[in-house]
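User: I would like a close look at a single part of this protein. Please keep it brisk and connected.

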Amino acid sequence: MNFKDTYIDAPLYEEDSIIKHYYDAEMPSRYNSNFMLFKHMPTLAQFQYYEQKQLDFHQTHQMKHRRFLFPENQQLPTALLAYIEAQHYVVGSLELYAMLPIEFNGSSFNEEVVVQYVDDALFPSFLAFQYMIDLTYGEIFATEKQHLLKKQFNDSSIQFVVALLDGQIVGSLLLFLTADTVELDSFVIIDSMQRRGIGSTMQQFVMNQHTEQTILLVADGEDTPREMYAKQGYHYCSAWHEIVFVPKE
């Protein structure tokens, strides 16, 4: 498995021989919706060209950030990395993990919670829960995200899963579905319910529902509990370098 098997949750705006440019007019504050992906490792001159192009585009559309993804499993060339660091980008990575449902080994489970798909009746409560979670990134982002969630809810290739305790949502998970894969995304458990087996219970629900598909998980390379993923049965597959620049207020 590699990142070509994963879902890019953003509209493709334009493409050429070097980059894919993603832009979502309804989510300008969401970094994951507005970025450029290099198909091949750029030279410094090529990067500077597309850096300026993205800067001009984002300024025109009132976006302050810049974000780039580079070809997977390739190190940034020395000159390019030196330039990126000099420009005060934050350099990070995304890691792809995969496993078969039969391999899942949850460390503990919570029999008090009810795990289910989000249906029409539950969707308003789900939106309210997500708004509360997304307020961490500001009201503008949280409001924009509501429009994205409504669009995703009507997409047959996307499903929402929630964990309920006494009828209240305490965790949520988004699934991107293909015939061969199920990708776990936007996994959230509220702080007061952490370390109580809810995450394992939600994952086991997914494994039981999708026994014939490969389970994918994309994680932040700088904040990835690799040992936990390994114990659960996930296998490391690939990594993407990413850089993000956000000007100081």
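Which residue is the bridge partner of L184 in β10? Please build the answer out from there.

Analyst: The bridge partner of L184 in β10 is L217. Keep in mind that this is a predicted model. Let us start with that strand and work outwards.

Strand β10 covers residues 214-220. On one side, it is joined to strand β9, residues 181-189, by four bridges. β9 and β10 run parallel. The L184 and L217 pair belongs to this pairing of β9 with β10. Strand β5, residues 90-99, is also joined to β10, by six bridges. Here the two strands run antiparallel. Two pairs help you find your way along it. L96 stands opposite V218, and M99 has I215 as its bridge partner.

How enclosed is β10? Five of its seven residues are buried, so the strand is largely enclosed by the rest of the structure. To count as buried, a residue must have under 20% relative accessible area.

Now follow the chain between the two parallel strands. Helix α5, residues 198-209, joins with β9 and β10 in a β-α-β unit. That unit is right-handed.

Step back to the whole sheet. It is open and has eleven strands, with mixed pairing. The order is β1-β2-β3-β4-β11-β5-β10-β9-β8-β7-β6. Find β10 there, between β5 and β9. The edges are β1 (12-15) and β6 (114-117); each has a single partner strand, so one side of each is left without a neighbour in the sheet. From one strand to the next, the twist averages 25°. Helix α1, residues 44-60, lies across β1, β2, β3, β4 and β11. It runs at about 140° to β4.

Next, the packing. L184 comes back here. The largest nonpolar core has 43 residues, and L184 and Y234 have the most contacts inside it. β5, β9, β10 and α5 are among the elements that each supply at least two residues of this core. So do α3, β7 and β8. A second, separate core has 16 residues, including I19, L76, I84 and F245.

Look at Y234 more closely. Beyond its neighbours within four places in sequence, Y234 is in contact with L184, and with L217 and I215. Y97, A98 and M99 are also on its contact list. The others are Q203, M207 and Y229. Both members of our opening pair, L184 and L217, therefore appear among the contacts of Y234, where contact means heavy atoms within 4.5 Å.

Helix α3 deserves a stop as well. Residues 123-134 form this helix, and Q130 is in it. Is Q130 buried or exposed? Q130 counts as buried, because its relative accessibility is 5%. Its side chain makes a polar contact with the side chain of S172, at 2.6 Å. Apart from its neighbours within four places in sequence, Q130 is in contact with S172, K145, Q146 and L149.

Finally, return to β9 for one backbone detail. S186 is in this strand. Its phi is positive, at about 55°, although S186 is not a glycine. S186 is partly exposed, with a relative accessible area of 34%. H88 also has a positive phi, near 65°, and is a residue other than glycine. H88 lies in the loop between α2 and β5. At 62% relative accessibility, H88 counts as exposed.

Note on methods
Residues are numbered from 1 along each chain as its sequence is written. This is a predicted model: local features need pLDDT of at least 70, side-chain atom pairs count only at pLDDT 80 or more; totals for chains, interfaces and linings use all residues. Side-chain values use heavy atoms; hydrogens and water are left out. Buried means under 20% relative accessible area, exposed over 50%, partly exposed in between (1.4 Å probe, protein chains only). A polar contact is a pair of N or O atoms within 3.5 Å; within protein, one must be able to donate a hydrogen and the other to accept it, and residues adjacent in sequence count only if both atoms are side-chain atoms. Two strands pair if DSSP finds at least two bridges between them. Axes are lines fitted to C-alpha atoms, for helices over the stretch in contact, and angles run from 0 to 180 degrees between N-to-C directions. A crossover is right-handed if, with the strands pointing away from the viewer, the path from the first strand over the helix to the second runs clockwise. A nonpolar core is a set of buried Ala, Val, Leu, Ile, Met, Phe, Trp, Tyr and Cys residues joined through side-chain atoms within 4.5 Å.
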